[in-house]
Amino acid sequence: MAITVEDRFAVTELIAMHGHLCDSGELDRLGEVFTTDVTYDVPDFGQKIVGVTALAEAGRALGERNPVGHHVTNVVLSEQADGHVHARSKGIGIYANGTSGSVTYEDTVVRVENGWRISHRTVLARRAPLGG
């Protein structure tokens with residue numbers, strides 16, 4: 001079954017919602033974006049978080065080190081043979097001191113009873129131009 005235009009819109013909005021929830025401190029609502037058993041893999045920082053509750057706790061533990069703005073752009077979706085969607089997007093984090101950082105999000109998005117949710121996210125830091 002091909003992903004529809006409506007599915008593409010819903011998945012893109014889902015990816016955007018992550019930043020809104022984090023920036024507003026609504027970490028208890030991360031279940032609206034991620035599956036309860038999500039794997040949130042951040043290898044460049046030596047972290048792998050499993051579960052939406054643990055993800056919210058990790059965000060709270062960062063406290064003032066969290067970005068004040070999570071921005072996502074360049075969302076590209078591709079349907080997988082198992083009906084899941086692979087989403088690749090760019091993230092830009094803006095910090096309170098005015099610095100910024102760039103990441104690439106690699107997401108596996110699955111359809112669940114309540115709609116689409118991210119079941120696996122890998123966050124790759126962008127520290128060198130041209131993929132270096």
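## The largest pocket

Thirty-five residues, written 35 in the count, line the largest pocket, and Leu62, Asn66, Pro67, His70 and Tyr95 lie nearest its centre. The model is predicted. The volume of the largest pocket is about 890 Å³. By class, its lining has 20 nonpolar, eleven polar and four charged residues.

Many elements take part in this lining. At least two residues each come from helix H1 (5-23), strand S1 (34-42), strand S2 (47-50), helix H2 (52-62), strand S3 (69-79), strand S4 (85-94), S5 and strand S6 (115-126). H2 gives the largest share, six residues.

## Strand pairing

S3 and S4 run antiparallel and are joined by nine bridges. Within S4, Lys90 stands opposite Thr73. The hairpin of S3 and S4 has five residues between the strands, and Gly83 takes a positive phi near 90° there.

S4 is also joined to S5, by ten bridges, and these two strands run antiparallel. Here Gly91 stands opposite Val103 of S5. The hairpin of S4 and S5 has five residues between the strands, with Gly98 at a positive phi near 95°.

S5 in turn pairs with S6 in the antiparallel sense, over eleven bridges. Val103 has Ala125 as its bridge partner in S6, so that residue is placed between two partners, Gly91 of S4 and Ala125 of S6. Two residues make up the hairpin connection from S5 to S6. S6 is also joined to S1, by four bridges, and S1 and S6 run parallel. The bridge partner of Thr39 in S6 is His120.

## The two faces of S4

Side chains alternate along S4. Val85, Ala87, Ser89, Gly91 and Gly93 point to one face and are buried. His86, Arg88, Lys90, Ile92 and Ile94 point to the other face and are not buried.## Ile94

Ile94 lies in strand S4. Is this residue buried, partly exposed or exposed? Ile94 is partly exposed, because its relative accessible area is 29%, and the range for that class runs between 20% and 50%.

The C-alpha atoms of Ile94 and His70 are separated by 6.7 Å, although the two residues are 24 residues apart along the chain. Leaving out residues up to four places away in sequence, Ile94 touches Pro67, Val68, Gly69, His71, Thr99 and Ser100. Among these, Pro67 is also one of the residues that lie nearest the centre of the largest pocket.

## Asp107

Asp107 is placed in strand S5, which spans residues 100-112. Asp107 counts as buried because its relative accessible area is 0%, and buried means under 20%.

Which side chain makes a polar contact with the side chain of Asp107? The partner is Arg121, at 2.7 Å. Apart from residues up to four places away in sequence, Asp107 touches Ile15, Val85, His86, Ala87, Ile118, His120 and Arg121. Of these, Val85 and Ala87 belong to the buried face of S4, while His86 points to the other face. His120 is the bridge partner of Thr39.

Terms used:
Residues numbered from 1 in each chain as written. Predicted model: local features only at pLDDT ≥ 70, side-chain atom pairs only at ≥ 80, totals over all residues. Heavy atoms only, no water. Buried < 20%, exposed > 50% of the residue type's maximum accessible area, 1.4 Å probe, protein only. Polar contact = N/O pair within 3.5 Å; in protein donor to acceptor, adjacent residues only side chain to side chain. Contact = heavy atoms within 4.5 Å. 1 Å grid on protein atoms, 1.4 Å probe; cavity = no way out; pocket = protein on both sides within 12 Å on 5 of 7 lines; lining within 4 Å. Points joined across faces, edges and corners; volume = space filled by probe spheres on them. Nonpolar A, V, L, I, M, F, W, Y, C, P; charged D, E, K, R; others polar. Pairing = 2+ DSSP bridges.
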